[in-house]
Amino acid sequence: MNVTAKTESTQPEQQAGHVDVMIVGAGISGIDAAYHLQKHFPEKTLTVLETQESFGGTWLTHKYPGIRSDSDLFTFGYKWKPWMSAPIATAEEIMLYLEEAIAENDLAQYIHYGHRVTNAAWSSEDSRWEVRAVRLEDNQPLVYTCTFLWMCQGYYRHAEGYTPEWPGLENYQGIVVHPQTWPEDLDYSDKEVLVIGSGATAATLVPAMAGQCAHITMLQRSPTYFAPGLNRNELADTLRELEVPDEWTHEIVRRKILHDQQEITRRSFEEPESLKAELIAGAREHLGDKFDIETHFTPNYRPWQQRLAFIPDGDLFRGIAAGQASVVTDQIDTFTAAGVLLKSGRELKADIIVTATGFNLCVMGDIDFKVDGKPVNFANQVGYRGFMFSDIPNMAWVFGYFRASWTLRADLIAEYLCRVFSHMSDKQATVVTPRLRPEDEGMDLRPWVDPDNFNPGYLTRSLHLMPKQGDREPWTFTQDYWREKDEFPAADLEDGALVYSR
Ligand SMILES: Cc1cc2nc3c(=O)[nH]c(=O)nc-3n(C[C@H](O)[C@H](O)[C@H](O)COP(=O)(O)OP(=O)(O)OC[C@H]3O[C@@H](n4cnc5c(N)ncnc54)[C@H](O)[C@@H]3O)c2cc1C
């Protein structure tokens, strides 16, 4: 684990200089932001501050067995860098791709690792942010200033995952592990392993550990949809065989995948029952007629209300069919010395319990924000197109898609912001602030993400901390790539809601 806990420093602050744009975070979004900025505005000065000692964010933090993407890399990869391998990629492959992206675009010069941003204070008088950070190697507090703050710190706390407060947990004598803080030296050969949860992480861990431990059991409160499929893309294979240039192959395959996903999204709203039947038939095909699909793989929500986990080559189902893994659908009553006692009265014994129970959502990287001396509570701000915020000058947050690949939105936001920067330069403005227009005052405010549309636990648990969205453009956040891909490039930068000043 390479995320250091928050530290206070008593050393005197050091001035660290001014840049035009500061990017917080060197994960997939931060690298994307840096790429776009230096490509379109090579004259702008730029610094990327990153807490961890390397790039990659999510793909650096998570070290659990089998860690891989759950969306395809043609769309989870950047628009501007072709993906050349199988659609679903391991964390290692994603890290190599990001390493190449940094090297090919000479981005390393901008990134300062081991720097945790703690405070950001906007001064209208100076038209700039004062950003406080700690250099972790010597606990040195640093003070930067920047004109624009591009927040790419993700959406969850990297230092620790979410573990519910289960009764009796303290009685359990075995080892408890959260996938987000996986001990790399954990020996699970010959061990009975119990994984609590059935989201994408469990769907990765279970097949990766099945056959490598005595037995692995996935305990779920309620079933999840899984989409089994081959981890190859026939269209990409054909185009490569025809020696079509990699850039074209990447773009064509992206379009095809996005087209197919749009169709799945449409069906999830318009014909959920037939889509549900298809997904369940996929499980049946792997698990056979005798398996109790009704109990274990028939969710009670509409497909896509939570992220649909793709399982390459049906590996989760194959582990279960082979008897190396099993699934139990029940609720935890209490932990015991040997494992967990379920509400049904059954006890599941385990040497190791993996809590694949998700993460802690975190707004703005736990950074204290102030505007002109007043603390900002983002739950009181309204999102401007889901990436800038009412009354917060010169600041954007990259928040991607849940249903489509995150990076699609990182790219769209980057292109949008570059358009805003050009517009500001034409107007000789240095500050852009989203402000509610007279006609927006008193509009209906809604949760950041519509819980009826998309409702995984980590989001519903923390929705009250997130910014709001409004009931009209440009204050809505649809989480709909297929709308935003057309709306963002065409959006009017003089919509009255973006207010420019010097
Ligand atoms: C296990 C897992 C698998 C996933 N798989 C997929 C997938 O297949 N497809 C998909 O679309 N999405 C997936 N996601 C969602 C995923 O998090 C995003 O897609 C994407 O990786 C997020 O990138 P990011 O750069 O925005 O944020 P992150 O990856 O979270 O990176 C943020 C970076 O900011 C740094 N940071 C945070 N706060 C501070 C601070 N105060 N100061 C300095 N630095 C800071 C962090 O250290 C981190 O390196 C997955 C998430 C998880 C947890």
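**Exercise 1.** Which residue is the bridge partner of Asn 119 in β19? Place β19 among its neighbours.

*Solution.* This is a predicted model.

Step 1. Find the partner. Asp 368 in β19 is the bridge partner of Asn 119.

Step 2. Identify the strand pair. Strand β4 covers residues 115-123 and pairs with β19 in the parallel sense. The pairing runs over 4 bridges.

Step 3. Look for another pairing of β19. Strand β20, residues 374-375, pairs with β19 in the antiparallel sense over 2 bridges. Here Val 371 stands opposite Lys 374.

Step 4. Inspect the connection. β19 and β20 form a hairpin, with 2 residues between them. Asp 372 lies in the turn and has a positive phi of about 50°.

**Exercise 2.** Sort the side chains along β19, residues 368-371, by the face they point to.

*Solution.* Step 1. Take one face. Phe 369 and Val 371 point there, and they are buried.

Step 2. Take the other face. Asp 368 and Lys 370 point that way and are not buried.

Step 3. Combine the two. The side chains alternate along the strand. Asp 368, the bridge partner of Asn 119, is thus placed on the face that is not buried.

**Exercise 3.** Describe the shell around the ligand: how many residues surround the ligand?

*Solution.* Step 1. Count. The ligand is surrounded by 31 residues.

Step 2. Name the closest. These are Gly 25, Gly 27, Gly 57, Gly 154 and Gly 365.

Step 3. Find the elements. α1 (28-40) and β4 each supply at least two residues of the shell. α1 gives the most, with 3 residues.

Step 4. Split by class. The shell has 18 polar, 10 nonpolar and 3 charged residues.

**Exercise 4.** In what order do the 5 strands of the open sheet run?

*Solution.* Step 1. Read the order: β8-β17-β9-β10-β13, with parallel pairing.

Step 2. Mark the edges. β8 (175-177) and β13 (325-329) are the edge strands, and each pairs on one side only.

Step 3. Add the twist. Neighbouring strands of this sheet are turned by 20° against each other on average, direction ignored.

Step 4. Check one pair. β9 (residues 192-196) and β10 (residues 215-220) pair over 5 bridges. Glu 192 stands opposite His 215 in β10.

**Exercise 5.** Which domains divide the protein chain?

*Solution.* Step 1. Set the bounds. Domain 1 takes 14-158 + 361-501, and domain 2 takes 163-357.

Step 2. Give the separation. Their C-alpha centres lie 29 Å apart.

Step 3. Describe the contact. Domain 1 contributes 25 residues and domain 2 contributes 31 residues. The side of domain 1 that touches domain 2 has 15 nonpolar, 5 polar and 5 charged residues.

Technical notes. Residues are numbered from 1 along each chain as its sequence is written. This is a predicted model: local features need pLDDT of at least 70, side-chain atom pairs count only at pLDDT 80 or more; totals for chains, interfaces and linings use all residues. A residue is buried if 20 or more other C-beta atoms lie within 10 Å of its own, exposed if 12 or fewer, and partly exposed in between; C-beta atoms are placed from the backbone. Two strands pair if DSSP finds at least two bridges between them. A residue is near a molecule or strand if its C-beta atom, placed from the backbone, lies within 6 Å of it. Ala, Val, Leu, Ile, Met, Phe, Trp, Tyr, Cys and Pro count as nonpolar, Asp, Glu, Lys and Arg as charged, and the others, Gly among them, as polar. Axes are lines fitted to C-alpha atoms, for helices over the stretch in contact, and angles run from 0 to 180 degrees between N-to-C directions. Domain bounds come from an automatic or database domain assignment. Two residues are in contact if their C-beta atoms, placed from the backbone, lie within 7 Å.
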